[in-house]
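Visitor: I have a model open and would like to talk through its aromatic contacts and its overall make-up. Could you guide me?

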Amino acid sequence: MHPTYWYESIRSVRDWPRRGCALARATCVACILFTSVAGPAAAQGRNGNMLPRIAVLSLTSLSPNFGGFTDRLRQLGYVEGRNIVIEHYYAEGSTEKLDQLAAEVVRSHVDVIFAISPPGATAARKATDSIPIVFMSISNPVGMGLIESMGRPGGNITGVANMPTDLNIKRLEMLKDVMPGLRRVAIITRSGNPNHQVNVAGQVAAARKFGMQPYVYSIAGPADFDSAFAGMARDGVQAACAVQDVLFFAARKQYMETALRYRIPVIADGHEYAEAGAVISYGVRYRALHDRAAVYVDKILKGAKPGVLPIEQPTEIELVVNLRIARELNVRVPLALIMRANRTIE
Amino acid sequence: MTFLRSMRGSLFRKYAVFLTLAVCIGLLGDGLSDIYFSNRELNVHLAEVQREQAASIAWRTGQFFREIEGHLGWLSAPPSGGNLPRLRVEVQRLLRQVPSISDVRVLDAHGHERLYVSRFEADRLHSRTDWSSNAAFRQAREGTLSYGDVYFRRETEPYLTIALPESKPGVGIILADVHLKAVWDVVSGTRIGENGYGYAVDRNGTLVAHPDSSLVQRKMNVRSLPQVQAALAGFDPSSGERAKRVTGTNLDGTEVLSTHIRIPQLNWIVFVEQPQAEANAPIREWIARSLFIMAGGLILAFLVSIRLARAMVKPIEALRLGAERLGRGEMSHRIAASSDELDAVARQFNAMAERLQESYAGLERKVEERTRELAVANRAKSRFLAGASHDLRQPVHAIGLLLSSLRSGSDPAAMRETIARAGAACDAMTELLDSLLDISRLDSGVVQPDLRAFPLSTILQRIEFDFEPEARAKGIDLRVVGTTLSTRSDPVMLRRVLFNLVSNAIRYTPRGKVLVVCRRMRDRIRIQVFDTGVGIAASEQEAVFEEFFQVSQAAGSPGLGLGLSIVRRLCETLGHRLDLKSVAGRGTAFTVWVPLAAAPLAKTAGREVRMHDIDGLAGRSVLVVDDDGEMLDTTRALLASWGCHVLTAESAHQARAELAAQRTPVDVIICDYALRGGKDGVHTVKSLGDIAGAAVVMLLTAVTDAAVVEAVTAAGYATLHKPVKPARLRSLMSYLLTPAIRRSRRAAAS
């Protein structure tokens with residue numbers, strides 16, 4: 001008789017590996033099933049099973065600098081079509097259409113509105129006080145009544161401001177440095193841009209202080225470029241200062257070509273102007289602003305309240321000198337300015 | 001079940017517990033010390049990593065400002081001297097080179113602004129704006145490079161003013177506003193693990209750099225955090241740059257491991273923090289892994305211990321069990337070999353069991369043999385009894401018939417004839433009973449051979465003397481060849497052997513010769529009895545020595561069939577070899593081998609010696625005591641015919657009277673053992689006392705009881721079994737009266 005020992009049941013240990021295999025297989029299958037079912041579901045994000053949606057609201061069509069926004073989003077882990085949807089709403093210069101688009105955006109319940117420039121921001125602000133708005137490139141958001149303060153914007157809006165001070169005065173100073181004999185200078189504004197009307201008085205005063213006679217040409221839009229420059233030529237204006245404007249920016253090629261046609265040297269804000277034909281550009285890098293705006297969008301998508309996100313302001317200012325155009329227009333750019341330039345165009 | 005019980009017994013438990021403990025203590029000790037030291041090492045390592053990161057942030061931040069200082073220092077000693085337009089160009093170049101600087105002011109010793117160059121606003125020359133109340137300016141005027149507090153432009157843009165003292169007279173003090181976003185990148189660009197980060201506070205505990213820039217823009221003061229509080233409490237501008245590690249909580253309330261280090265020139269403190277849970281994750285993982293391995297090891301150790309303990313206890317248990325089973329009588333049980341030290345024990349145990357089993361088996365075999373022998377003996381006895389009864393019935397039957405014919409008959413001649421026949425029947429019966437008595441005595445072992453040296457001629461002469469008449473009557477030529485050889489044997493028994501052989505030879509030889517011859521064969525003597533009789537068939541040569549066997553050819557011949565069986569028994573008792581050679585129809589030769597002895601003391605007479613001279617009985621006086629009168633008369637007549645002087649008595653009393661009357665001592669007393677009145681013969685003879693003298697005493701008894709014979713022998717008397725044949729009585733008497741025998745018996749009795 002062989003007695004049975006109480007621990008003999010442990011002999012079935014040798015069956016464990018096989019059981020373990022089965023268990024591992026079952027676990028693998030379960031994991032695969034789970035990821036294949038739950039993975040896409042997790043990628044759906046908020047708004048039920050929909051991907052988070054960003055509405056880009058702009059008066060003008062797509063800027064080349066918009067790549068700064070999408071690049072940053074990609075760096076932050078967003079891939080268009082996979083876990084983010086970007087919808088574009090461009091009003092093509094029409095303010096009325098912009099308002100309509102804003103209403104449409106609000107109706108479609110997007111997650112974030114990316115409002116470009118004061119027209120976009122104003123339209124979005126008017127359309128909703130619940131959907132988060134991230135604005136970009138606004139010099140004086142407090143003055144415009146968009147936000148309560150830079151440190152705590154309040155409401156459903158936040159974003160990236162433009163230069164706090166009026167860089168046009170700095171541009172006028174720069175024109176005087178380049179062309180010491182400059183007497184008559186043109187200031188080109190757009191009648192539809194409220195900021196222009198606010199700042200133009202300061203610019204006129206500054207020009208006078210620099211010993212120049214300012215001529216202000218206020219036009220409705222790109223269609224009036226030719227008449228404006230024709231007027232400058234008639235008035236004997238020696239150089240022009242192009243005030244930053246989203247509509248002008250969109251039509252910068254036509255703008256600068258017109259200036260060249262009338263052989264009037266222009267100083268403008270973004271380097272895109274210098275590339276288009278301005279002798280000097282001195283202003284923020286819009287691509288960097290787009291980049292920063294993407295960070296705000298990310299924070300809001302992750303649950304931050306826009307009203308408590310402080311407004312960021314650009315600090316980087318770029319000086320680009322187009323030496324080719326300068327030569328063409330017989331403008332002698334002093335070495336000191338070339339040395340200050342971040343970039344020169346031959 | 002006993003095995004199971006005992007497996008759970010103390011030895012197994014002790015082994016199992018001991019082995020498990022031995023391994024467990026080792027494993028636990030190793031595991032725990034491993035965990036302890038790994039924990040310490042990991043902690044040290046983590047602290048080191050944090051310290052390095054904090055130091056790196058501090059160094060890079062410091063480096064950032066040192067570079068700015070360098071640029072400004074270059075500016076403070078420009079080749080242009082006091083030429084402001086030239087200085088402006090230099091400053092503009094500086095702004096181009098150092099993007100973080102937004103404005104530069106050059107002040108005179110009184111704090112009046114001489115030059116202002118900005119990125120955003122129109123440059124100013126000789127504005128003479130008064131900056132004398134500026135803290136940084138005041139420090140710079142004292143000759144030390146100073147850093148102002150962090151301030152925010154338009155609420156959200158952090159700036160810091162650096163004041164550079166006048167290095168050369170006439171150049172002035174330089175104030176530079178530095179944008180701090182680049183510093184933010186330095187601080188927040190450092191990630192520690194998954195959720196760790198770095199940040200910096202100024203000497204008031206206000207955040208100056210943090211990965212979440214909105215916190216800085218909100219000018220958050222974090223001095224309430226324990227680690228910041230501790231750092232500020234220990235804030236000593238003169239202290240070194242050693243990093244310190246403490247535990248604390250971050251703004252979410254999460255427990256963190258925090259290391260801080262001071263940036264001396266800024267009076268900022270850089271913190272590097274990591275959630276405690278995350279920092280300790282590798283340690284916890286390590287501990288979990290160690291515990292898992294330890295648990296696995298313990299289980300394994302446990303199993304191995306049980307296995308080992310079982311292996312150790314099992315052979316012992318097998319031994320115990322084997323002993324138990326052996327004790328119960330299971331002789332065939334063996335212990336399986338176990339190929340270790342206990343194997344020797346098992347082998348010895350098995351050998352012991354083997355021997356036990358063998359001796360047991362031998363014992364059983366012997367018992368079986370003995371039983372079988374007993375059965376054979378019993379059968380032989382039964383056969384013997386049946387033969388004896390049959391042979392006794394015949395003469396008794398015949399006597400019965402003769403008696404009835406006597407009763408009815410009246411013719412005297414016929415009656416004499418009948419009486420003669422009845423006498424013959426009686427003789428046959430007596431002879432048969434004699435033989436039976438002999439066999440009985442020999443079988444019961446009461447007859448001990450009295451071995452001594454004597455000349456064979458005495459026996460041979462008697463044979464010739466006794467059988468001569470019978471042979472002559474039958475017409476057979478009996479020849480006994482004389483010899484001078486002596487042998488060592490019991491003369492009475494040997495004579496009986498030869499008597500029987502010769503008697504048989506004469507009986508089974510119808511005509512022809514019977515020859516008795518002796519011959520010396522080295523140290524033995526071969527005595528041969530030849531006859532020319534019927535012979536014995538080869539198939540019967542074995543059987544002739546059995547009781548009541550008679551040769552088939554001799555059917556109808558007289559005889560009892562006991563003679564040869566007595567011969568065989570006697571030869572066995574004497575230790576003499578007995579051979580038989582025979583051819584049926586031709587004759588038989590019996591050979592008895594006796595040992596050769598030196599010539600005895602008595603010299604023998606010649607062949608013609610008279611019978612009386614041989615016996616030496618003539619003239620002897622004999623007292624016969626028997627309560628049977630008839631017996632007394634018969635015996636007296638017989639003894640008187642041998643020339644003896646006979647006295648008779650029917651009781652001890654009478655015997656005493658007779659002896660007293662005789663006056664001379666008797667030579668022989670023959671007394672019946674069972675006398676009337678319950679007195680036995682020994683007692684009776686002893687009661688005669690001295691009157692009996694030195695007589696040879698013979699007691700007659702019908703019983704062959706060994707106890708009786710022993711009692712008689714013990715008393716120094718000879719036994720005579722009833723019924724007594726005259727020849728036997730005579731030979732015994734003559735033997736006992738031999739002087740040497742008398743002497744030796746007397747010596748033995750006394």
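Guide: The conversation below turns from aromatic rings to chain B. This is a predicted model, in which local features need pLDDT of at least 70, side-chain atom pairs count only at pLDDT 80 or more, and totals for chains, interfaces and linings use all residues. Residues are numbered from 1 along each chain as its sequence is written, chains are lettered from A and ligands numbered from 1 in the order in which they are written, and side-chain values use heavy atoms, with hydrogens and water left out.

Visitor: How many aromatic pairs are there over all chains?

Guide: There are 20, counting rings of Phe, Tyr and Trp (its six-membered ring) whose centres lie within 6.5 Å. One of them joins A:Phe225 and A:Phe248, with 5.5 Å between centres and 55° between planes, which is tilted (stacked is under 30 degrees, edge-to-face over 60, tilted the rest).

Visitor: What does that pair tie together?

Guide: A:Phe225 lies in helix H7 and A:Phe248 in helix H8 of chain A, so the pair ties together parts that are 23 residues apart in sequence. Helices here are DSSP runs of H or I with at least four residues, and strands are E runs of at least two, numbered from the N terminus.

Visitor: Which residue lies over the face of A:Phe249?

Guide: A:Arg252 does, at 4.4 Å from the ring centre; the criterion is CZ of Arg or NZ of Lys within 6 Å of the centre and within 35 degrees of the ring normal.

Visitor: Now chain B: how many helices and strands?

Guide: Chain B has 21 helices and 24 strands.
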